[in-house]
Amino acid sequence: MSKPSPAVSTTSAAPAADAGGMQRGLKNRHLQLIAIGGAIGTGLFLGSGKLISVSGPAILFVYMVIGFFVFFIMRALGELLLSNLNYHTFGDIAKDMLGPWAGFFVSWNYWFSWVIACVADIIAITAYVQWFNPNIPSWLPALITAGALLILNLQPVKYFGETEFWFAILKIVAILGLIAVGVILIVTGFKSPDGTQASFANLWEHGGMFPMGASGFVLGFQMGIFSFIGVEMVGTAAAETENPRKTLPKAINSIVLRILIFYVGALAIIMSVTPWDRISPDKSPFVSTLALAGFGLAAAAIQLVVLTSAASSANGGLYSGTRMLFGLSKDGHAPKSFSLTDSRGVPKRSVFFTGVFLFAAIPLLFAGDGVVSAFTFVSSMCATMILFTWGSIVVSYIVYRRRFPERHAESGFKMPLSRVAPWLVLAFFVFIAGTLLYGEDTRPPFLATPLWFLLLTVLWQLRKRKLQREGRPLTAAIELPGTGADVREGDE
């Protein structure tokens, strides 16, 4: 990135704007709720039904294990971001620790993964809207959603934070409300129309906690990882947050509690009210549980929350994608115009370029039944890409730990078990890759993903040669705030 303002301090709150033109307009409450919202997506509200049908109650342990490793990923990201407040994204971290090529690959990969995810969310929103009124033409909600997201992201970042704040509030209230209703049903011994009584015993009385055996447990991982895509968004938002040294640690440290409540707690209650083998894989178990209890209006309200959850995911994805594109432009890895910001600190051209791809959801809606299988393919590819993003964070941390031991020693937010945990996380990623190869639905997109990286390799070579011909560095230097010390390695 460009040279920082002398006002930036490594010990005080960050300034209102950085030299790149973007503003630190997010407050503590925004970052905390963005962190929560990033961990609660459509994968929980909708995908959990499919996961339960595959793994049964073992899905609770799957979420615990994934959450355990996600916590270490986020602690690594937190220490890295706070070690240099001039890092705007993990793309910046990758280029600084691993080299310009890594920044190029990580940033473009993350941008593309969010483009895919945003299109998926918009198509999902269309399906949710038609749940309320099947007569609504499918293209209309897709067009309105894409347009609304584009307009929203053209506003100063504080409006993005405010929108995500209220989206997250809706999700939290909905899940806590469902947990409260479920507890009441269990305590009162509620019986469903088919005679099943709500009880915690339903968790183990229908084939045990691992009814599908080791196979179901393993398949839960290759699908469960989808639910956590977006948790790293808090790292992108931190670059535009007031006093990140205070707010970022709070947001990251609360991840374990959020997973225990919103994933493990909510699904344990759902499977206690309705045995896992009677939950439909094609419907949201949140909606089904409330409908079963006779709360028809509440079930409709949850459906509305699921809709807003998809909108929140798409909104956050567009935000993250534009910030990645902004950073790529600052490095010369994308057209220079994408790094221009208006007087309010908004990278408008990055927003427009990324936002255009959202409208791709409209022709997909007219492509026929094949869209579902094709979209499953690209969504699975998105999950594979996120492993690359998370892996870059962990590998960057390992390099940072070796190259800058003094920065690690001075850190006020050290990663726990920093010598061992990164290697355990990488081993876990190898395991996840194995599960993606193991699943019939996820194997083809996993095997196709190398084609994307092959394309990135070609694009990087073209971009690198162009920069070298022009006599420009392969990436902009990232300096430690207030020191003027260039911590960038050579342009290999």
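Reader: What makes Leu417 count as exposed?

Author: This is a predicted model, and in it Leu417 has a relative accessible area of 60%. Exposed means over 50%, so Leu417 is called exposed at its 60%. As for its place, Leu417 sits in the loop between α18 (405–410) and α19. Its backbone is worth a look too: phi of Leu417 is near 50°, a positive value in a residue other than glycine.

Reader: And why is Val346 called buried, when Val346 lies in a loop as well?

Author: Go by the number. Val346 has 1% relative accessibility, and buried means under 20%, so Val346 counts as buried. The loop that holds Val346 runs between α14 (296–330) and α15 (348–356).

Reader: Which residues does Val346 touch, beyond those up to four places away in sequence?

Author: Val346 touches Asn153, Leu154, Gln155, Pro156, Leu340, Thr341 and Val351. There is also a long step along the chain here: Val346 and Val157 are 189 residues apart in sequence, yet their C-alpha atoms are separated by 7.3 Å.

Reader: What makes Arg245 partly exposed rather than buried or exposed?

Author: The relative accessibility of Arg245 is 26%. Buried stops under 20% and exposed begins over 50%, so 26% puts Arg245 in between, as partly exposed. Arg245 belongs to helix α11 (residues 244–253).

Reader: How do you know that the side chain of Arg245 makes a polar contact with the backbone oxygen of Leu82?

Author: The side chain of Arg245 reaches that backbone oxygen of Leu82 at 2.9 Å, and the cut-off for a polar contact is 3.5 Å. Elsewhere around Arg245, its C-alpha lies 8.8 Å from that of Phe413, a residue 168 places away along the chain.

Reader: Why is Ser55 called buried?

Author: Ser55 has a relative accessible area of 1%. Set that against the limit of under 20%, and Ser55 is therefore buried. Ser55 lies in helix α3 (residues 47–55).

Reader: What is in contact with Ser55, leaving aside its neighbours within four places in sequence?

Author: Pro211, Met212, Gly216, Phe217, Leu219 and Gly220 are. With Gly220 there is a polar pair: a polar atom of the Ser55 side chain lies 3.4 Å from the backbone nitrogen of Gly220, and the cut-off is within 3.5 Å.

Reader: Why are α19 and α20 called oblique to each other?

Author: Their axes cross at roughly 120°. Roughly perpendicular covers 65 to 115 degrees, and roughly antiparallel needs over 145, so α19 and α20 are oblique. The axes of helix α19 (residues 421–438) and helix α20 (residues 443–469) come within 6 Å.

Reader: Which residues meet where α19 and α20 touch?

Author: From α19 come Ala433, Leu436, Leu437 and Tyr438, and from α20 come Arg443, Phe446 and Leu447. By class, that contact has 6 nonpolar, no polar and 1 charged residues.

Reader: Where is Leu426, and what is Leu426 in contact with, leaving aside neighbours within four places in sequence?

Author: Leu426 is in helix α19. Its contacts are Gly391, Val394, Val395 and Ile398. For Val395, the C-alpha to C-alpha separation from Leu426 is 8.3 Å, with their positions 31 residues apart in sequence.

Reader: What about the protein chain as a whole: how many helices and strands are there?

Author: There are 20 helices and 0 strands. Of the chain's 492 residues, 59% count as buried. The chain exposes about 19,000 Å², with 67% of that supplied by carbon and sulfur atoms. Among contacts between residues at least 6 apart in sequence, 81% join residues at least 24 apart.

Key
Residues numbered from 1 in each chain as written. Predicted model: local features only at pLDDT ≥ 70, side-chain atom pairs only at ≥ 80, totals over all residues. Heavy atoms only, no water. Helix = DSSP H or I, 4+ residues; strand = E, 2+ residues; numbered from the N terminus. Buried < 20%, exposed > 50% of the residue type's maximum accessible area, 1.4 Å probe, protein only. Polar contact = N/O pair within 3.5 Å; in protein donor to acceptor, adjacent residues only side chain to side chain. Contact = heavy atoms within 4.5 Å. Areas by Shrake-Rupley, 256 points an atom, 1.4 Å probe, with all protein chains shown as cover. Axes fitted to C-alpha atoms, helices over the stretch in contact; angles between N-to-C directions. Parallel < 35°, antiparallel > 145°, perpendicular 65-115°, else oblique. Nonpolar A, V, L, I, M, F, W, Y, C, P; charged D, E, K, R; others polar.
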